[in-house]
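Colleague: I'm new to this model and would like to look closely at one part of it. Could you take me through the loop and then show me how the rest of the chain sits around it?

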Amino acid sequence: MQGKITYRTIPTTDPMFRNRGITMLSGSATEGMKLQSYIPVPDNVVLCDGCNTNLYPRAVDAVYINGELHGVYCKWCRERYFPRLGDLWNTQT
Ligand SMILES: [Zn+2]
């Protein structure tokens, strides 16, 4: 399946980057999931999904595939991995 790539530039001060955290669960679908730990991510840490650079307080390019958020990238990585808007992205894994 292929998806259509779009992106928009968002400031890292945008509310979407506040109050984030990494949730770690254990268990199974049949027995239920249990919260193991929750690691809060500081609001002033917004990492590029391409090169892991902290982009705060600069802007990021949020890349969407078929309208769903795929990741956030610095301008350099976004241009490297997603050079043209409207390109098709192979969503098969
Ligand atoms: Zn990057």
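Modeller: Happy to! Let's begin with valine 45, which counts as exposed because it has 12 C-beta neighbours inside 10 Å. Keep in mind that this is a predicted model. Valine 45 is found in the loop between strand 3 and strand 4. Leaving out residues up to four places away in sequence, valine 45 touches Asn54 and Tyr56. There is also a link back to an earlier part of the chain: valine 45 and arginine 18 are 27 residues apart in sequence, and their C-alpha atoms are 9.7 Å apart in space.

One of those contacts, tyrosine 56, is a good next stop. Tyrosine 56 is found in the loop between strand 3 and strand 4. Is tyrosine 56 buried, exposed or partly exposed? It is partly exposed, because 16 other C-beta atoms lie within 10 Å, and a residue needs 20 or more to be buried. Not counting residues up to four places away in sequence, tyrosine 56 touches Thr12, Asn44, Val45 and Val46. Tyrosine 56 also sits 7.7 Å from threonine 13, C-alpha to C-alpha, although 43 residues separate them along the chain.

Step one place back and you reach leucine 55, which belongs to the largest nonpolar core. Setting aside neighbours within four places in sequence, leucine 55 is in contact with Thr12, Val46, Cys48, Val60 and Cys74. The core has twelve residues in all, and among them are Ile5, Phe17, Val46, Cys48, Val60, Cys74 and Phe82. Strand 4 (59-65) and strand 5 (68-73) each supply at least two residues of this core. As a general point, nonpolar side chains tend to be buried together in soluble globular proteins.

Now look at the strands on either side of the loop. Strand 3 comes before it, and none of the ten residues in strand 3 (residues 32-41) is buried, so this strand lies largely in the open. Its partner is strand 2 (residues 20-28): nine bridges join the two, which run antiparallel. One of these pairs is isoleucine 22 with isoleucine 39 in strand 3. Strand 2 and strand 3 form a hairpin, with three residues between them.

On the other side of the loop, strand 4 is part of an open sheet of four strands, in the order 5-4-1-6 and with antiparallel pairing. Strand 5 and strand 6 (88-90) stand at the edges with a single partner strand each, so one side of each has no neighbour in the sheet. From one strand to the next, the twist averages 40°. Strand 4 is joined to strand 1 (residues 2-11) by seven bridges, and the two run antiparallel. Within that pairing, arginine 8 has alanine 62 of strand 4 as its bridge partner.

Finally, step back to the whole chain. It has one helix and six strands, which follow the pattern β-β-β-β-β-α-β along the sequence. The radius of gyration is 16 Å, well over the 12 Å that the globule rule gives for 93 residues, so the chain is more spread out than a compact globule. Its C-alpha trace spans about 45 × 35 × 20 Å along the principal axes. Buried residues make up 15% of the 93 residues. Among contacts between residues at least 6 apart in sequence, 54% join residues at least 24 apart.

Key
Residues numbered from 1 in each chain as written. Predicted model: local features only at pLDDT ≥ 70, side-chain atom pairs only at ≥ 80, totals over all residues. Core = buried A, V, L, I, M, F, W, Y, C linked by C-beta atoms within 7 Å. Contact = placed C-beta atoms within 7 Å. Pairing = 2+ DSSP bridges. Rg over C-alpha atoms; globule rule 2.2 N^0.38 Å. Axes fitted to C-alpha atoms, helices over the stretch in contact; angles between N-to-C directions.
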